[in-house]
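Work through the following exercises with the sequence and the model side by side, and try each task before reading its solution.

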Amino acid sequence: MFKINDNYLKLPGSYLFSTIAKKVAAFSEANPDKNIIRLGIGDVTQPLAPAIIHSLHKAVDEMAVKETFRGYAPDLGYEFLRSAIAKNDYQDRGCEIAADEIFVSDGAKCDSGNIQEIFSIDNRIAVCDPVYPVYVDTNVMAGRAGTYDPKAETWSDVIYMPCTAENNFAPDLPKETPDIIYLCFPNNPTGSTITKSQLQDWVDYANKVGAVIIYDAAYEAYISEEDVPHTIYECEGARTCAIELRSFSKNAGFTGTRLGFTVIPKELKCGDVSLHSLWARRHGTKYNGAPYIIQRAGEAVYTPEGKAQLKEQIAYYMKNAKVIYEGLKDMGYTVSGGVNAPYIWLKTPDNMTSWEFFDYLLEKANVVGTPGSGFGPSGEGYFRLTAFGTYENTVAAVERMKKL
Ligand code: MLT
């Protein structure tokens, strides 16, 4: 008789963004005349930039010709893309990352969920609270999280690092020693950042206690302030303790196109065992590689035209962030984020819970956001709005909130 992985049964409800999608679909069905503005999931609304589309078309044409047709992509990604990433995202920033330390994938969500597979089940993970749910959910699925306390909304074996207004939504070093530390900056969901010297403290700490940092830098393109690091490899010693996850979704609009990558430096080892080799082994076995045409589209992100066009897209979303941030401030909300990140984090008014505010906003303003408590217990009483809508919708959403 087969048995299931009963860790899955421990997971409460459905995935946060699926729950929201179901609620919004039910509301929309009951109120077909309402024009709903979606500022919930961090999904982009601007079309792919012309340089990317051009590169996609060219690659599609190559696939139609015998001489230039491509079959399976190389296990770890095409050299042309890995070199472009290594140069533009790392070497040009003075970081020592080589092309063969980059593993191209179909996106950071999968990588952030799958990376835990190369670690023993005995490791203790530490996460920010609130946190992008994929890190915790996938450790639950693997059996690494212990038991769930529905009242506290926490897992017995997970170390939570509260990110609250008191610490500017930046975690303090944990009191218990973790083996694996998940960090994401600019942060999803709070939109907070840490300075290079704060990140250096984490790197020093990880090297001291023998922990590995899984650093999610999916939102680095939104950094506008000088002292905020774009990659963990700006910190000294990161090559021996940090894995970095990156995405083409938020900086280049690939949420539907799918492309991302993981960086694992060769010096990152557990005893004699190289994590780079383990991940390469896993990638080779379980992963088919992002399609050629998509990797060519990714390459276009690093061309001069691509860079200029994407700079405009980021500016577009950050203009939305400003509209939300300033609009909410004027209305008297307590707001943060939105300066180095496309997320605005607000305190719910009148002591409403996060989900109460979600329902209130959906019913009264027909605006969708994300309840802070969906990201963890410290997110209770908070709410996230994204800057990824269209400008018109963003302005309209703020106007509707003013009328509440
Ligand atoms: C979010 O809304 O938190 C993210 O967009 C979800 C994701 O990237 O998977």
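**Exercise 1. Locate Phe 169 and describe its backbone.**

Solution. Start with the position: Phe 169 sits in the loop between β6 (159-162) and β7, where helices (H or I, at least four residues) and strands (E, at least two) are DSSP runs, numbered from the N terminus. Before going further, note that this is a predicted model, in which local features need pLDDT of at least 70 and side-chain atom pairs count only at pLDDT 80 or more, while totals for chains, interfaces and linings use all residues. Residues are numbered from 1 along each chain as its sequence is written, and side-chain values use heavy atoms, with hydrogens and water left out. Next, look at the backbone angle: phi of Phe 169 is near 60 degrees, which is a positive value in a residue other than glycine. Most residues other than glycine have a negative phi, and most peptide bonds are trans.

**Exercise 2. Which peptide bonds that lead to Pro 186 and Pro 189 are cis?**

Solution. Take Pro 186 to begin with: the bond joining Phe 185 and Pro 186 is cis, with omega about -10 degrees, and Pro 186 belongs to the loop between β7 (180-184) and α7 (196-209). Then move along to Pro 189, which also lies in the loop between β7 and α7; the peptide bond from Asn 188 to Pro 189 is cis, and its omega is near 15 degrees.

**Exercise 3. Describe how helix α3 packs with helix α10.**

Solution. Two packed helices are described by the angle between their axes and the distance between the axes. The axes of α3 (residues 50-63) and α10 (residues 292-300) come within 8 Å and cross at roughly 150 degrees; here axes are lines fitted to C-alpha atoms, for helices over the stretch in contact, and angles run from 0 to 180 degrees between N-to-C directions. Therefore α3 and α10 are roughly antiparallel to each other, given that angles under 35 degrees count as roughly parallel, over 145 as roughly antiparallel, 65 to 115 as roughly perpendicular and the rest as oblique. Finally, list the residues in contact (heavy atoms within 4.5 Å): among them are Ala 51, Ile 52 and Leu 56 of α3, together with Tyr 292, Ile 293 and Ala 297 of α10.

**Exercise 4. How are α11 and α13 oriented to each other?**

Solution. Helix α11 (residues 304-330) and helix α13 (residues 391-402) have axes 10 Å apart and pack at an angle of about 5 degrees, and α11 and α13 are therefore roughly parallel to each other. The contact includes Tyr 316, Val 323 and Leu 328 of α11, as well as Tyr 391, Val 395 and Met 401 of α13.

**Exercise 5. Which residues are around the ligand, and what polar contact does Gly 42 make with the ligand?**

Solution. The residues around the ligand (with a heavy atom within 4 Å) are Phe 17, Ile 41, Gly 42, Lys 109, Tyr 132, Asn 188, Tyr 219, Lys 250, Tyr 343 and Arg 384. Now consider the polar contacts, each a pair of N or O atoms within 3.5 Å. A backbone N or O atom of Gly 42 lies 2.7 Å from an oxygen atom of the ligand. In the side chain of Tyr 132, an N or O atom is 2.5 Å from an oxygen atom of the ligand, and for the side chain of Arg 384 the corresponding distance is 2.7 Å.

Key. Polar contact = N/O pair within 3.5 Å; in protein donor to acceptor, adjacent residues only side chain to side chain.
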